[in-house]
Amino acid sequence: MNKVEIIGTGSYVPSKVVSNNELSRMVNTSDEWIRTRTGIRERRISQGEDTSDMATKASIEAMKSANIEAGQIDLIILSTATPDSFIPSTSCIVQKNIKAVNATCFDISAACSGFIYAVDIGAQFIRSGRFKTVLVIGAETLSKIIDWQDRNTCILFGDGASAAILQSGEEEDIIAIHTGADGSKGRALTCPAIPVSNFYLKDEITLNKSKVSMDGKEIFKFAVKIMVKLVKLLLEESHCSLEEIKYIIPHQANYRIIECAAQKLGINTSKFYTNLDHYGNTSAASIGIALDEVYKKNLVESGDKILVVGFGGGLTYGGIIIKVR
Ligand code: UT7
């Protein structure tokens, strides 16, 4: 079986910063409520850039950090809940933009666990020998599916993109990986697509508006439980102890979720890397953006271990232990 190296990362967020105070002029909320209930202070919102635009910028940065040419990429996997279009896939648009002419392209949908799912799939293609170099992307323009009148959701999310280059190599950087889902809890976080409507259906169908709705409490409970379970499982699978993990990079959803998970694991929250105060929840992009920051800020060195863990709509979940190269 071939070994998988993570040879580069990149990320991108739009330049427009939207503060909690700005949102409090749109819905009945306050900076104080948002900060104390979530830890979020501000988020980045697209002023016209679509998912492929942000994904392209993150991918170019990842290629630069990996020191590879676009032509070397054999596969592009892009995870998003907010594609530019149904057809073509957003990965095909990125392929055109970066001129990765040799790449097979497809999108996946796993909501906030999308980056982890995409790494898992990409790694399998490398392990099997089918492809040598894979570009994995998590990118979202959540601002286009948010109901900006719903204070339960609109305060949480932001736009952004992240990317990583996986390549077949001498050393294994992915020392444990796990993904899963519980579709029975799918109603906790939804965004409808186009309902069935054709000439066989006599009743007129009112088009659902494609906006996010969520049972925040249900997700909160699920998130804490699954994060704790995944951390334990990944450590067990890799015969690692929590002390050996330099950072846990969680999906950046809510600081209170992280606090609860830390408490249940009996560890300090300082072990968790967070940036949700600045970006909010960027769904499939969140873990990759945080991972890229950890690398770019030189917070880790060669040989360190990072545990990433995520959960999201579906409900989906997943985690990876990465050995820093
Ligand atoms: O990637 C996965 C995506 N989803 C998540 O990560 C969501 C996870 N869940 C959460 O982060 C939290 O459940 C929320 C931040 C969404 C909500 O926090 P909470 O502590 O569970 O609040 P709550 O829903 O129990 O609401 C408490 C009160 C309610 O008022 P009443 O009924 O007590 O009078 C809400 O109406 O807070 C009210 N509320 C707000 N008030 C001011 C809800 N949203 C807001 C708001 N500003 N933005």
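Two strands count as paired if DSSP finds at least two bridges between them. With that in hand, here's a quick tour of this predicted model. One stop is an open sheet of four strands, ordered 8-13-12-11, with mixed pairing. Another is strand 7 (residues 160–169), which is mostly covered. We'll also look at how helix 3 (residues 51–66) and helix 4 (residues 90–98) cross.

**The open sheet**
- Strand 8 (174–181) and strand 11 (245–250) sit at the edges with a single partner strand each, so one side of each has no neighbour in the sheet.
- Ignoring direction, neighbouring strands here are turned by 10 degrees against each other on average.
- Strand 8 and strand 13 (residues 316–323) run antiparallel, and seven bridges join them.
- If you want a landmark in that pairing, try I177, whose bridge partner in strand 13 is I320.

**Helices on that sheet**
- Helix 5 (residues 114–127) packs on the sheet and touches strand 8, strand 12 (305–312) and strand 13.
- The direction of helix 5 makes about 125 degrees with that of strand 8.
- Helix 7 (residues 216–238) lies across strand 8, strand 11, strand 12 and strand 13.
- Relative to strand 12, helix 7 runs at about 145 degrees.

**Strand 7 and its partners**
- Eight of the ten residues in strand 7 are buried.
- Strand 1 (residues 3–12) runs antiparallel to strand 7, with nine bridges joining the two.
- To find your place there, look for E5, which stands opposite Q167 of strand 7.
- Strand 6 (residues 133–140) is also joined to strand 7, by eight bridges, and this pair runs antiparallel.
- For that pairing, a handy marker is G138, whose bridge partner in strand 7 is S162.

**Where helix 3 meets helix 4**
- A packed helix pair is described by the angle and the distance between the two axes.
- For helix 3 and helix 4, the axes come within 9 Å and cross at roughly 55 degrees.
- That angle falls outside the under-35 range for roughly parallel and the 65 to 115 range for roughly perpendicular, so helix 3 and helix 4 are oblique to each other.
- The crossing of these two helices is right-handed.
- Helix 3 brings T51, S52, A55, T56, S59, I60 and M63 to the contact, while helix 4 brings T90, I93, V94, N97 and I98.
- Sorted by class, the contact has six nonpolar and six polar residues, and no charged ones.

Terms used:
Residues numbered from 1 in each chain as written. Predicted model: local features only at pLDDT ≥ 70, side-chain atom pairs only at ≥ 80, totals over all residues. Heavy atoms only, no water. Axes fitted to C-alpha atoms, helices over the stretch in contact; angles between N-to-C directions. Parallel < 35°, antiparallel > 145°, perpendicular 65-115°, else oblique. Left-handed = near helix turned anticlockwise from the far one by under 90°. Contact = heavy atoms within 4.5 Å. Nonpolar A, V, L, I, M, F, W, Y, C, P; charged D, E, K, R; others polar. Buried < 20%, exposed > 50% of the residue type's maximum accessible area, 1.4 Å probe, protein only.
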